[in-house]
Amino acid sequence: MPVTHRPFELVPPCATTDVPALFVKDLSFTYPDGHVALKNVSFCVEHGEKVVLVGPNGAGKSTLILHLNGILQGQKGEIKVYGMEVEKKYLPLIRAQVGLVFQNPDDQLFSPTVFEDVAFGPLHMGLPEDEIHERVGRALQIVGMGLYKERLSHHLSFGEKKRIAIATVLSMQPSILVLDEPSANLDPRARRALINLLGEMNLTLLVSTHDMLMVRECFTRMIVMDDGWIVADGLSEEILSDHRWLAQHGLEVPC
Ligand code: ADP
């Protein structure tokens, strides 16, 4: 599926002279079993931009996201975060800049209490105690969980865990927040609260989702992946209006 078949206008790549928040060029990745999960993926996200990544199951979204802070490393291509190459010597800096929230909050919450989970990152950054408390308080406030500090993480509802997982990353004060399927398995009220939260966040955002209503509501720019390729990168409104093209790429048309 060559990228030249993209039917939509591309967002001008890195049009500004400033360094983009995320810069990905010709990234390819093959898993050890030989499965090619990313094929010449290129895009960039400017500082402050909110971009959504959509595509059917198996399109390569999670694989791509895991490259953005060096959990996976591509065999070919280039990734830069604020101009820094994603390579071993910069990983601590890059991981402080790129906050990654996994699909399953249980992969992110492993301490007995909410406070300890949210304090984990700042504690390992060697920050003083009062700053750790301040960061935990602020992160919990942003996700609307200010009263949950002393609660036991593993007793929370799924939606509450999702919010705490976001707070564990916000307490590191990243410049870029990357969320993998944040609205999956949330009930309507928790989903609505999450959509409002994403809308209000003043951060560079890259969000992978199947939730086309969330796309419509929160993101003016969308990147579509299919079978490891980026098949569209442009205005959500335009892409969402082509129902036939969406269906060809395994995406449900929002009503
Ligand atoms: P998405 O997030 O879009 O659902 P993924 O990035 O999870 O897609 O997967 C992309 C492709 O890579 C899929 O075909 C998936 O089966 C395959 N894949 C994912 N993880 C592994 C792995 N550890 N080993 C081999 N193949 C994998």
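**Group meeting: a pocket and a ligand site**

Let's start with the largest pocket. Its lining has 20 residues, and L100, Q108, T168, V169 and M172 lie nearest the centre. Keep in mind that this is a predicted model.

Which elements give two or more residues to that lining? There are helix 2 at 91–97, strand 6 at 98–101, helix 3 at 114–124, and helix 5 at 158–170. Helix 3 gives the most to the lining, with four residues.

How much space is in there? The largest pocket holds about 470 Å³. As for chemistry, 11 residues of its lining are nonpolar. Six are polar, and three are charged.

Now to the ligand. Which residues are around it? Going along the chain, we have Y31, D33, H35 and A37. Then comes a run from P56 through N57, G58, A59, G60, K61 and S62 to T63. Helix 1, residues 61–67, gives the most to this shell, with three residues. By class, the shell has six polar residues, four nonpolar ones and two charged ones.

Next, the polar contacts. I'll take three residues: H35, G58 and G60. H35 uses its side chain: an N or O atom there is 3.0 Å from an oxygen atom of the ligand. G58 uses its backbone, with a polar atom 2.8 Å from a ligand oxygen. G60 also has a backbone N or O atom by a ligand oxygen, at 3.0 Å. How much of the ligand does the protein bury? Taken alone, the ligand exposes 560 Å², and the protein buries 63% of that.

Let me step back to the whole chain. How many helices and strands does the chain have? Nine helices and 10 strands. The C-alpha atoms fill a box of roughly 55 × 45 × 40 Å along the principal axes. What about the radius of gyration? The chain has 18 Å. A compact globule with 255 residues would have a value near 18 Å, so the chain agrees with that.

To recap: the largest pocket has helix 3 as the top giver to its lining. For the ligand shell, that role goes to helix 1. Thanks, everyone.

How values were computed:
Residues are numbered from 1 along each chain as its sequence is written. This is a predicted model: local features need pLDDT of at least 70, side-chain atom pairs count only at pLDDT 80 or more; totals for chains, interfaces and linings use all residues. Side-chain values use heavy atoms; hydrogens and water are left out. On a 1 Å grid over the protein atoms alone, a cavity is a set of points where a 1.4 Å probe fits but cannot get out, and a pocket is an open set with protein on both sides within 12 Å along at least five of seven lines; lining residues have an atom within 4 Å of a point. Grid points are joined across faces, edges and corners, and a volume is the space filled by probe spheres set on the points. Ala, Val, Leu, Ile, Met, Phe, Trp, Tyr, Cys and Pro count as nonpolar, Asp, Glu, Lys and Arg as charged, and the others, Gly among them, as polar. A residue is near a molecule or strand if one of its heavy atoms lies within 4 Å of it. A polar contact is a pair of N or O atoms within 3.5 Å; within protein, one must be able to donate a hydrogen and the other to accept it, and residues adjacent in sequence count only if both atoms are side-chain atoms. Accessible areas come from the Shrake-Rupley method with a 1.4 Å probe; for residues, only the protein chains shown count as cover. The radius of gyration is taken over C-alpha atoms; the globule rule is 2.2 Å times the number of residues to the power 0.38.
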